[in-house]
Amino acid sequence: MKTDRQPPKDIDEYIAQCPPKVQVILEKVRATIRKAAPKAKEKISYGMPTFALEGNLVYFAAWKEHIGLYPPVPRGDAQLMNDASVYAGPKGNLQFPLDQPIPYGLITRIVKAQVQENLKRSEARRATKKRRSAVKGSSVSKLAKTR
């Protein structure tokens, strides 16, 4: 929730700044994410609770009338994208109204898909870095430098 307080140092502090009813929901969202991505690390980023695994995985935040989940749903799973579209907010983020049941199962599916996306992206970066390193060390590269 937007307040005039100092930015929270960690997720516990963020949740403690919210109304009691919202705290319960945020703790359950946090537990849902933790269960779906047990190796992810918790932190605060952009003033929001964040889970990171090979890069930022998912953010969540409490607002006056909804819980926001960021980033947008990973592409590639048409059913997941369709299921999440009901909660689509501006810029592709998801908004779960506080006056409706929070779709924890959907959050689990989104986080698991995002984990796969982050791991795939991380592996591609490592492969690219390896190729560049191999090219730098190759005799072709050394020959080009001597000319």
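Which residue takes a positive phi in the hairpin of strand 1 and strand 2? I will come back to that after a short overview.

What you have in front of you is a predicted model. The protein chain has 147 residues, and 37% of them count as buried. Its secondary structure comes to 5 helices and 5 strands. Read from the N terminus, the order of elements is α-α-β-β-β-β-α-β-α-α. If you take contacts between residues at least 6 apart in sequence, 50% of them join residues at least 24 apart. The accessible surface is about 9,600 Å², and carbon and sulfur atoms account for 56% of that.

Now the sheet. The 5 strands form an open sheet in the order 1-2-3-4-5, with antiparallel pairing. Strand 1 and strand 5 are at the edges with a single partner strand each, so each has one side without a neighbour in the sheet. From one strand to the next, the twist averages 25 degrees. Helix 2 packs on this sheet and touches strand 1, strand 2, strand 3 and strand 4. The direction of helix 2 makes about 170 degrees with that of strand 3.

Back to the opening question. The residue is Tyr-46, with a positive phi near 55 degrees, in a hairpin that has 2 residues between the strands. Tyr-46 sits in the loop between strand 1 and strand 2. Is Tyr-46 buried or exposed? Its relative accessibility is 72%, and exposed means over 50%, so Tyr-46 counts as exposed. Tyr-46 and Pro-7 lie 39 residues apart in sequence, with their C-alpha atoms 9.3 Å apart in space.

The two strands of that hairpin, strand 1 (residues 41–45) and strand 2, run antiparallel and are joined by 5 bridges. Ile-44 has Pro-49 as its bridge partner in strand 2, and Lys-41 stands opposite Ala-52.

Strand 2 itself covers residues 48–52, and 5 of its 5 residues are buried, so the strand is largely enclosed by the rest of the structure. Both of its faces are covered: Met-48, Thr-50 and Ala-52 are on one side, Pro-49 and Phe-51 on the other.

On to the next hairpin. Strand 2 pairs with strand 3 (residues 56–62) over 3 bridges, again in the antiparallel sense. Phe-51 stands opposite Val-58 in strand 3. This hairpin has 3 residues between the strands, and Glu-54 takes a positive phi near 55 degrees.

At the other end of the sheet, strand 4 and strand 5 are antiparallel and pair over 4 bridges, with Gly-68 opposite Gln-95. Along strand 5 the side chains alternate. Leu-94 and Phe-96 point to one face and are buried, while Gln-95 and Pro-97 point to the other and are not.

Last, the core. In soluble globular proteins, nonpolar side chains tend to be buried together. Here the largest nonpolar core has 38 residues, and those with the most contacts inside it are Leu-26, Ile-67, Phe-96, Ile-107 and Val-111. The elements that each supply at least two residues of this core include helix 1 (11–16), helix 2 (20–36), strand 4 (66–70), helix 3 (78–85) and helix 4 (104–137). Strand 2, strand 3 and strand 5 (94–97) do so as well.

What does Phe-96 touch, leaving out residues up to four places away in sequence? Its contacts are Glu-65, His-66, Ile-67, Leu-69, Tyr-87, Ile-102, Pro-103, Leu-106 and Ile-107.

Technical notes. Residues numbered from 1 in each chain as written. Predicted model: local features only at pLDDT ≥ 70, side-chain atom pairs only at ≥ 80, totals over all residues. Heavy atoms only, no water. Buried < 20%, exposed > 50% of the residue type's maximum accessible area, 1.4 Å probe, protein only. Pairing = 2+ DSSP bridges. Core = buried A, V, L, I, M, F, W, Y, C linked by side-chain atoms within 4.5 Å. Contact = heavy atoms within 4.5 Å. Areas by Shrake-Rupley, 256 points an atom, 1.4 Å probe, with all protein chains shown as cover. Axes fitted to C-alpha atoms, helices over the stretch in contact; angles between N-to-C directions.
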